[in-house]
2 protein chains.
Amino acid sequence: MRMKTRQEGLHPRPGRETRIPLISKKLCALATAAALSLAGCASPSSPEPARGAAPASVPAGPLVIERQGSFFIGGRDLRSDTLSALPAFASTGTIVVDQMYVRYQVPAAAHHLPMVLIHGCCLTGKSWETTPDGRMGWDEYFVRMGHPTYVIDQASRGRSAVDPTAIVGARTGRAAAPQLPNVFAAGREGAWTIFRFGPEYPKAYDGLQFPLEAQDELWKQMVPDWSAALPVPNPTVPALSALARKIGPAVLVSHSQSGIYPFQALALDKAGVAGVVAIEPGSCPAADGDMRPYVGTPALLLFGDFVDRSTGWWAPRFKACQAFAQAVNRAGGRIEVVRLPEVGFRGNSHMIMQDRNSLEVAGWLSGWIARNVERGS
Amino acid sequence: MRMKTRQEGLHPRPGRETRIPLISKKLCALATAAALSLAGCASPSSPEPARGAAPASVPAGPLVIERQGSFFIGGRDLRSDTLSALPAFASTGTIVVDQMYVRYQVPAAAHHLPMVLIHGCCLTGKSWETTPDGRMGWDEYFVRMGHPTYVIDQASRGRSAVDPTAIVGARTGRAAAPQLPNVFAAGREGAWTIFRFGPEYPKAYDGLQFPLEAQDELWKQMVPDWSAALPVPNPTVPALSALARKIGPAVLVSHSQSGIYPFQALALDKAGVAGVVAIEPGSCPAADGDMRPYVGTPALLLFGDFVDRSTGWWAPRFKACQAFAQAVNRAGGRIEVVRLPEVGFRGNSHMIMQDRNSLEVAGWLSGWIARNVERGS
């Protein structure tokens, strides 16, 4: 069913004829004749979009992939005597934990920087894929716009293994209950306000862009979160740093819980990180700390609508992130803080990449990256 | 690094000019002129391959995707008072469990049946993606051969959420240890013999096809397995049945632990299931049961090499599955049991889709499906 509700060709594209036009005109002409769509086969007259405007449609038609696949970054061996209580599987042995799963697609004639899409709390890389109401996700959008795109599952989430040894240990009496991981799940009733769908479950804000009619598909995306059981910084952070060195220069795009991860990765190593986009960061580095790791890398802190109405959660987080950006900029950095209504988009929830206008926002974001990261780099 | 070790264009393709040639010759000519590769743009003289032969190469060059995305099947609401022990997230609320994550790609001019790839124990859909040594996975292979291809994460695995409420409950003293899920992890030392890499860890069989130099990448794929904590049949089974009804007629391709799932799905509902391929099934339906659900659907039980040497694990499983197939065939069914050495492939481990000759085997399998499922249906 979801496949049938896709609405390709209705979405805007940013102006993005920037600096690496690798695709040949001949190939574009052939593709057009064959009713194919190649990323990079732009209309030669694509204008630079006005902020918040919807200048043209996303390339529709077949998607041409140069290469795709998946791999892991990081991970450490863990030897344990409490792997299993089942007779068929040995209780003692060695597993790997802390690795980060990465799936990628490189479009034919990629001519923009690689993007790394990093999901938030209680979610997996699925966040960036097909939206709950069946529209194109940002993963495909950025590929179609000419960006090699990498979608990760945080360490201990999704296809990145968790450490189950304390569960087996507690179940078999070889570990105490307090040793169990501090795992948690976010119920929809609480997530409702954190995702800023409305003031309280199930009331919605007027003009909300999230497709509430498809909310069940979002709740199915949510998985238990082990981050409180992991060290700080999260093992995802060094893995992101290693990924950026491998594929970069790249733009790290984080969301919510992972908002701070690209900045923590910069503090580890600036190599490979061309720019940072933090979508509704749940936290930012402290504004009174050492700002040197964050100077010299263009960054955007992007928030949706209704932020001020979330007095208990998002309003203070926005202020703290604003203070961080100001501190970086005072030290000579280039961090921009944008609330979407300021650039013409209204009604966005915390789940911007799934809102009805998700691809319009992605188009604006693509333009921001072209102007501030690609041309500036 | 892995991206650079891909070896496209070295692999065989099966004869597959079967019954649904939807792609136009004009489009194929344009694609050829543009140095693109479209699934379905076959050489007109592609022969039917001999068993085990390597007749031609996999289509190389860019991959043309008609549409792709992801969605969930199934799931049930679970209300709990032990969702979280963290102050930021409510302990009481509603989550969804038992849903099955599905990612799909439909090639341009798909002209073969949809395939559903179902991973085994302690693994996720990653099993079918890029191999540990960086070669094309079966997920992409079957797309390139013209099959819409669906890769799932079993219920309670990977991107399909687990139920964490007993863990939170036990940690906070509101549940007893025996209520903890009977989760387990497979250590590499035990997995070594179950995966038939050799007689004991770390000794390898002579002629083994698994790329042991890249084994660390396999160990990183492994995740804790909750199947012993789930009802029988596994919630994946009704989800597979629902998926087949949604996208079918389709071929269900299972592996190891999930080997029996397509048969359990047939017992629920034959609708949408065009054929079954069980790669090294860990179990089969009992040979003395009701065979009627399995009659009328072509099926293949495919095993690798060294089966007889696995006296404690695979030899008895092979025998039981062989007895099942014989019982179905006596009742008028069409189940074929094949050990790869019988058709010219030697050295295959349990992880056939990751072995060095994985795409040669996939090519043979594609031919089997064309002959037995597509032409026969």
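In this predicted model, the contact between the two chains draws 82 residues from chain A and 81 residues from chain B. Together, chain A and chain B bury about 7400 Å². Carbon and sulfur atoms account for 58% of that area. Of the interface residues of chain A, 99% are also interface residues in chain B, so the copies meet through the same surface.

The symmetry of the pair was examined next. A rotation of 180° superposes chain A on chain B, with an RMSD of 0.0 Å. The shift along the rotation axis is 0.0 Å. The two copies are thus related as by a two-fold rotation axis.

Polar links also span the interface. Between chain A and chain B, 33 residue pairs are in polar contact, with both residues at pLDDT 80 or more. Strand 1 of chain A, residues 63-73, supplies 10 residues to the side that touches chain B, the largest share. By class, this side of chain A holds 48 nonpolar residues, 16 polar residues and 18 charged residues.

Strand 1 of chain A also takes part in strand pairing across the two chains. Its partner is strand 1 of chain B, which likewise covers residues 63-73. The two strands run in the antiparallel sense and are paired over three bridges. Within this pairing, V64(A) has V64(B) as its bridge partner.

Salt bridges were then counted. The whole structure contains 36 of them over all chains. One pair that joins two chains is R79(B) and E189(A), because R79(B) lies in strand 2 of chain B and E189(A) lies in helix 4 of chain A. Strand 2 spans residues 76-80, and helix 4 spans residues 188-194. In this salt bridge, the closest N and O atoms are 3.1 Å apart. A salt bridge requires such a nitrogen and oxygen to lie within 4 Å, and the R79(B) and E189(A) pair has its closest atoms at 3.1 Å. Across the interface of chain A and chain B, eight salt bridges are found.

Some backbone features deserve a separate look. In chain A, a cis peptide bond joins Y201(A) and P202(A), with omega about -5°. P202(A) sits in the loop between helix 4 and helix 5 of chain A. Helix 5 covers residues 215-221. In chain B, a cis peptide bond joins G248(B) and P249(B), and here omega is about 5°. P249(B) is placed in the loop between helix 6 (236-247) and strand 7 (250-255) of chain B.

Another backbone feature concerns D98(B). Phi of this residue is near 75°. That is a positive value in a residue other than glycine. D98(B) belongs to the loop between strand 3 (93-97) and strand 4 (100-107) of chain B.

Technical notes
Residues are numbered from 1 along each chain as its sequence is written. Chains are lettered from A and ligands numbered from 1 in the order in which they are written. This is a predicted model: local features need pLDDT of at least 70, side-chain atom pairs count only at pLDDT 80 or more; totals for chains, interfaces and linings use all residues. Side-chain values use heavy atoms; hydrogens and water are left out. Contact means heavy atoms within 4.5 Å. Buried area is the accessible area (1.4 Å probe) that two parts lose on being put together, summed over both. A salt bridge is a side-chain nitrogen of Lys or Arg within 4 Å of a carboxyl oxygen of Asp or Glu. A polar contact is a pair of N or O atoms within 3.5 Å; within protein, one must be able to donate a hydrogen and the other to accept it, and residues adjacent in sequence count only if both atoms are side-chain atoms. Helices (H or I, at least four residues) and strands (E, at least two) are DSSP runs, numbered from the N terminus. Ala, Val, Leu, Ile, Met, Phe, Trp, Tyr, Cys and Pro count as nonpolar, Asp, Glu, Lys and Arg as charged, and the others, Gly among them, as polar. Two strands pair if DSSP finds at least two bridges between them. Copies are superposed by least squares on the C-alpha atoms of residues with pLDDT of at least 70 in both.
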